[in-house]
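Please look over the sequence and the model shown here before reading on, and keep both at hand while the text moves from one site to the next.

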Amino acid sequence: MKIHHVGYAVKNIDTSLNDFKKLGFKEITARILDEQRSVFIQFIKNGDYVVELIEPSNDNSPINNILSKIGNSTYHLCYEIDDIEKSINELKSDKYVIIEVSKEAIAINNKKVAFLYKKNIGIIELVEK
Ligand code: NI
């Protein structure tokens with residue numbers, strides 16, 4: 001499966017963006033508030049590498065858990081697939097569990113995304129092409 005982006009939890013997009021720019025990243029989208037998921041999202045790119053900066057937008061954001069455990073850090077790879085329901089079913093039969101069912105993502109042109117977890121892998125995201 002082709003990798004679409006790396007998800008990177010940050011406490012504050014503004015302050016981290018400045019440091020990512022020093023490392024050669026450029027902004028490729030505007031910052032978007034995803035109210036459904038309680039996050040701000042900003043995509044940046046360095047060469048072929050696309051990173052999604054994810055900042056909690058309130059105290060109930062699931063990203064707060066990640067930040068309190070490991071601080072600013074990568075925490076998911078997102079894979080591009082043709083048919084999200086088909087891929088979810090295949091992964092479920094390979095012992096992945098769904099942590100967020102397929103829903104449209106405002107920060108990725110309303111494409112369908114889902115999050116799954118497997119102990120040997122951690123969190124993955126799927127995005128439908
Ligand atoms: Ni993502």
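The paragraphs below take up a metal site, then the salt bridges, and then some single residues and a surface patch.

This is a predicted model, in which local features need pLDDT of at least 70 and side-chain atom pairs count only at pLDDT 80 or more, while totals for chains, interfaces and linings use all residues. Residues are numbered from 1 along each chain as its sequence is written, and side-chain values use heavy atoms, with hydrogens and water left out.

The nickel ion has as its protein donors H5 (NE2), E52 (OE), H76 (NE2) and E125 (OE), which lie 2.0 to 2.1 Å from the ion. Donors here are N, O and S atoms within 2.8 Å of the metal (3.2 Å for Na, K and Ca), and since water is not among the atoms, sites may look incomplete. The angles among the four donor atoms run from 88 to 175°, and the site is irregular; that word covers whatever is neither tetrahedral (four donors, all angles between 85 and 135 degrees) nor square planar or octahedral (four or six donors respectively, with opposite donors over 155 degrees apart and all others between 65 and 115). Along the sequence, the donor residues follow the spacing H-x46-E-x23-H-x48-E. Distant parts of the chain are linked by the pair of H5 in strand 1 (residues 2–9) and E52 in strand 5 (residues 49–56), which are 47 residues apart. Strands (E, at least two residues) and helices (H or I, at least four) are DSSP runs numbered from the N terminus. Both of these donors are buried, H5 with a relative accessible area of 1% and E52 at 4%, where buried means under 20%, exposed over 50% and partly exposed in between (1.4 Å probe, protein chains only).

The structure holds eight salt bridges, each being a side-chain nitrogen of Lys or Arg within 4 Å of a carboxyl oxygen of Asp or Glu. In one of them the side chains of R31 and D14 meet at 2.9 Å, N to O, and this pair links distant parts of the chain, with R31 in the loop between strand 2 (26–27) and strand 3 (32–34) and D14 in helix 1 (residues 13–22), 17 residues apart. R31 is partly exposed at 34% relative accessibility, as is D14 at 49%. Another salt bridge joins R37 to D34, with the closest N and O atoms 2.7 Å apart; R37 is buried at 11%, and D34 is buried at 4%. D34 and R37 are also linked with E100 in a network of salt bridges. The side chains of K118 and D94 meet at 3.4 Å, N to O, and because K118 lies in strand 8 and D94 in the loop between helix 3 and strand 7, this pair ties together parts that are 24 residues apart in sequence.

That loop between helix 3 and strand 7 also holds K95, a residue other than glycine whose phi is positive, near 75°; K95 is exposed at 70% relative accessibility. N109, in the loop between strand 7 and strand 8 (111–118), likewise has a positive phi, near 50°, and is exposed at 69%.

S87 lies in helix 3 (residues 84–92) and is buried at 10% relative accessibility. Leaving aside residues up to four places away in sequence, S87 touches I81 and L126, contact meaning heavy atoms within 4.5 Å.
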